[in-house]
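Student: I should like a close look at the salt bridges of this protein, set against the sheets that surround the discussion. Please give one connected account.

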Amino acid sequence: MTREEWIKLSAIIGAGSMIPKELLAAALVDDEIKRSDFGKDFVWGTASAAYQIEGGWNEDGKGESIWDHFVHHTHKVKTHETADVAHDFYHRYESDIELMHKLHIPAQRFSIGWSRVMPKGTGAVNQKGIDFYNRVIDKSLKEYVTPWITCYHWDLPQALQEKGGWMNRDIIKWFEDYVEVCAKNFGDRVKNWMVFNEPMAFTALGYLMGIHAPGKFGYKPFFSSVHHTVMSHGAGGRVLRNLVKNANIGTTFSCSVIDGWKDKEVNKGAVTRSDVLINRLFIEPTLGLGYATKDLPALRHVEKYIKPEDEKLMQFDFDFIGVQNYSRVVAKYLGLVPMLHAINVPPKKLGHPVTQMNWEVYPEGISRIIKQFAAYKGVKKIIVTENGAAFKDEVVNGEINDPQRIQFLKDYLKNVLKAKREGVNLGGYFIWSFTDNFEWAEGFRPKFGLVGVDFKTEQRIVKASGKWFSEFLKG
Ligand code: NOJ
């Protein structure tokens with residue numbers, strides 16, 4: 001019996017109601033998945049970010065961003081590469097968007113480079129930067145690729161960093177002004193918006209651990225940035241709501257399901273604390289739940305940055321929450337570690353394959369984390385705004401055959417479907433990424449793209465996974 005026949009039969013005889021929802025969902029995803037399984041309104045796309053693909057780092061009046069500064073003035077990118085040129089989307093956007101269309105990709109998520117449109121972060125607007133994004137938007141629409149904009153994907157103008165960046169409370173106002181510029185210039189044609197990309201990642205990597213731009217480390221930079229980012233979440237959301245008619249407004253969170261090492265009692269607290277830091281820290285204040293200080297006492301350090309009126313202003317009623325999941329975290333108690341008193345067990349010890357990023361391949365993690373986020377009362381809809389995998393690709397006779405990535409995507413998609421069938425209001429799925437690109441402190445080594453790029457010649461090669469996704473979308 002085919003799956004469709006089985007669904008029909010279950011509906012007719014009412015068997016669906018007798019079988020536990022989870023079992024039914026699992027049974028139904030055994031087959032090869034199809035686009036139609038996800039429903040007509042489900043959004044499919046690929047995702048990218050300005051600094052990772054554009055290049056043109058100082059062209060046409062663009063100001064310096066913290067990432068330009070970081071790659072030029074520190075040696076923290078492991079490969080000592082820069083994304084000054086990257087894969088040159090700045091000049092090649094037309095053919096890249098045409099290729100998206102050719103591959104039947106219905107939507108692309110990209111970010112606006114803040115310092116491209118406002119070189120100093122506040123004040124003067126750079127018309128040439130606005131023109132560039134207008135061209136990208138118009139070309140996307142012409143090719144039937146719906147544009148989804150992320151306002152902030154980590155490339156703060158350096159001029160603002162010199163005033164403290166996310167550590168300075170004034171950033172709430174700077175951010176509002178910037179979002180206003182985006183909304184007023186692009187909101188007539190773009191209806192899908194995300195305020196932030198992964199606030200946890202940019203505050204922790206850039207302001208706590210110092211391994212991403214702007215390279216700050218310590219509690220003070222981290223906790224001040226956390227609070228001002230949370231405040232800007234609400235502020236940015238409200239600007240979009242006021243200025244963009246019929247906007248679909250979301251934001252995105254990096255997230256991973258957390259398990260305790262060997263399920264031991266002693267690791268339970270490590271799981272709770274890691275869950276706060278990795279998954280709960282940014283979404284809960286937005287939903288009106290405040291900071292989870294009870295479960296992660298170190299969050300008391302945020303308190304000195306909170307003003308009486310903030311609790312209300314932190315909140316925003318998002319239309320959707322973007323979940324960005326790649327892997328799982330297995331936590332183990334270790335008292336010596338400040339703040340968390342926990343460490344992550346090395347993924348290689350977990351018995352599953354790992355990707356080029358040394359992340360465990362753990363497909364069921366995506367359905368579990370989707371359900372965790374969907375369980376919050378204020379979350380109306382979930383969209384997977386990033387999922388994908390970096391594997392070492394090889395060009396053989398002009399082709400890139402990447403069966404591991406295809407398998408990864410199929411396995412994760414089955415679990416996305418499982419969450420949907422178990423009742424989550426799930427509206428879309430974006431693959432990270434369309435092309436290979438600059439993976440921050442890892443440089444160009446990790447390959448996440450459906451399309452490979454030879455960074456010397458800028459030649460694009462559609463990988464087997466790109467062809468697979470295209471066939472999937474066509475079906
Ligand atoms: C998270 C970030 O949003 C993106 O910039 C990054 O390249 C991918 N995920 C992969 O690490």
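Tutor: The account below begins with the basis of the model, turns to the two sheets and then treats the salt bridges.

This is a predicted model, in which local features need pLDDT of at least 70 and side-chain atom pairs count only at pLDDT 80 or more, while totals for chains, interfaces and linings use all residues. Residues are numbered from 1 along each chain as its sequence is written, and side-chain values use heavy atoms, with hydrogens and water left out.

Helices (H or I, at least four residues) and strands (E, at least two) are DSSP runs numbered from the N terminus, and two strands pair if DSSP finds at least two bridges between them. In the barrel, 8 strands close in the order 1-2-3-4-5-7-10-13, with parallel pairing. Neighbouring strands of this sheet are turned by 25° against each other on average, direction ignored; axes are lines fitted to C-alpha atoms, for helices over the stretch in contact, and angles run from 0 to 180 degrees between N-to-C directions. Strand 4 (residues 192–196) and strand 5 (residues 248–254) run parallel and are joined by 3 bridges; Asn 192 has Asn 248 in strand 5 as its bridge partner. Helix 11 (residues 199–207) packs on this sheet, touching strand 3 (146–152), strand 4 and strand 5, and its direction makes about 45° with that of strand 5. Contact here means heavy atoms within 4.5 Å.

A further sheet is open: its 3 strands have the order 6-8-9, with mixed pairing. Strand 6 (257–260) and strand 9 are at the edges with a single partner strand each, so one side of each has no neighbour in the sheet. The average turn between neighbouring strands of this sheet is 35°, direction ignored. Strand 8 and strand 9 run antiparallel, joined by 3 bridges, and Lys 332 stands opposite Ile 343 in strand 9.

The salt bridges come next. Side chains of opposite charge can pair when their charged atoms come close. The structure holds 33 salt bridges, each defined as a side-chain nitrogen of Lys or Arg within 4 Å of a carboxyl oxygen of Asp or Glu. One of them pairs Glu 54 with Arg 116, with the closest N and O atoms 2.9 Å apart. This pair links distant parts of the chain, 62 residues apart: Glu 54 is in the loop between helix 4 (50–53) and helix 5 (66–73), and Arg 116 is in helix 7 (residues 114–117). Buried means under 20% relative accessible area, exposed over 50% and partly exposed in between (1.4 Å probe, protein chains only). Glu 54 counts as buried because its relative accessibility is 4%, and Arg 116 counts as buried because its value is 1%.

Asp 188 and Arg 189 form another salt bridge, with closest N and O atoms 3.0 Å apart. Here Asp 188 is exposed, with a relative accessible area of 53%, whereas Arg 189 is partly exposed at 23%.

Asp 436 forms a salt bridge with Lys 463, the closest N and O atoms being 2.8 Å apart. These partners, 27 residues apart, link distant parts of the chain: Asp 436 lies in the loop between strand 13 (426–432) and strand 14 (451–454), and Lys 463 in the loop between strand 15 (459–462) and helix 18 (464–474). Both Asp 436 and Lys 463 are buried. They also belong to a network of salt bridges that links them with Asp 393, Asp 402 and Arg 405.
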